[in-house]
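Hello,

Here is the structure I promised to pass on. Please open it first, then read my notes below.

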Amino acid sequence: METMSLLILVVLGTFLIAGGLALLRVLLSVGRTLITVAANMLTGLLILICVNMLPFINLPFNLLTILVAGFGGIAGVGILIIGNIAGFI
C-alpha cells in the first residue's frame, strides 16, 4: 500500500513540476513582449522629442502623436513626420 501512495506522489509531483515549467515559459514570453513594447515606446517618445528640436518640424505633443510615436517607435515617428510634411498634422 505504501508503494502505491509513493507512486501517486511521484506522478503528482511530476505533473506539478511540468505545469510550473509551462507556466514559467508563458510568463517569460509575455514578459519579453512587454519589455519589447516598453523599449519601443521609450525609443519612439525620445525620437519624437529630438525631432521636435529641429526648426523645420513642429509636431504637437497631444494624445494622438504620443500614442503613434509610442506604439510605432521609429516607424511611428516617421509616419508623423510624413503627416506633418503633407499637412495632416
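Start with Asn84. Beyond its neighbours within four places in sequence, Asn84 is in contact (heavy atoms within 4.5 Å) with Ile57, Asn58, Leu59 and Ile89. Its relative accessible area is 18%, so Asn84 is buried (under 20% relative accessible area, 1.4 Å probe, protein chains only).

A word on the source. This is a predicted model, where local features need pLDDT of at least 70, side-chain atom pairs count only at pLDDT 80 or more, and totals for chains, interfaces and linings use all residues. Residues are numbered from 1 along each chain as its sequence is written, and side-chain values use heavy atoms, with hydrogens and water left out.

Asn84 sits in helix H2 (helices are DSSP runs of H or I, at least four residues, numbered from the N terminus). H2 covers residues 63–86 and spans only 20 Å between its end C-alpha atoms. A straight helix of 24 residues would span 34 Å (1.5 Å times one less than the number of residues). H2 bends by about 140 degrees at Gly73 (the angle between axes fitted to the seven residues ending there and the seven starting there). Just after H2, Gly87 has a positive phi of about 95 degrees.

Now the packing. The buried residues of H2 pack against helix H1 (2–52). Among these buried residues are Thr65, Ala69, Gly73, Val77 and Leu80. On the H1 side, the residues that meet H2 include Asn40, Gly44, Leu48 and Val51.

Best wishes

Terms used: Helices (H or I, at least four residues) and strands (E, at least two) are DSSP runs, numbered from the N terminus. Buried means under 20% relative accessible area, exposed over 50%, partly exposed in between (1.4 Å probe, protein chains only).
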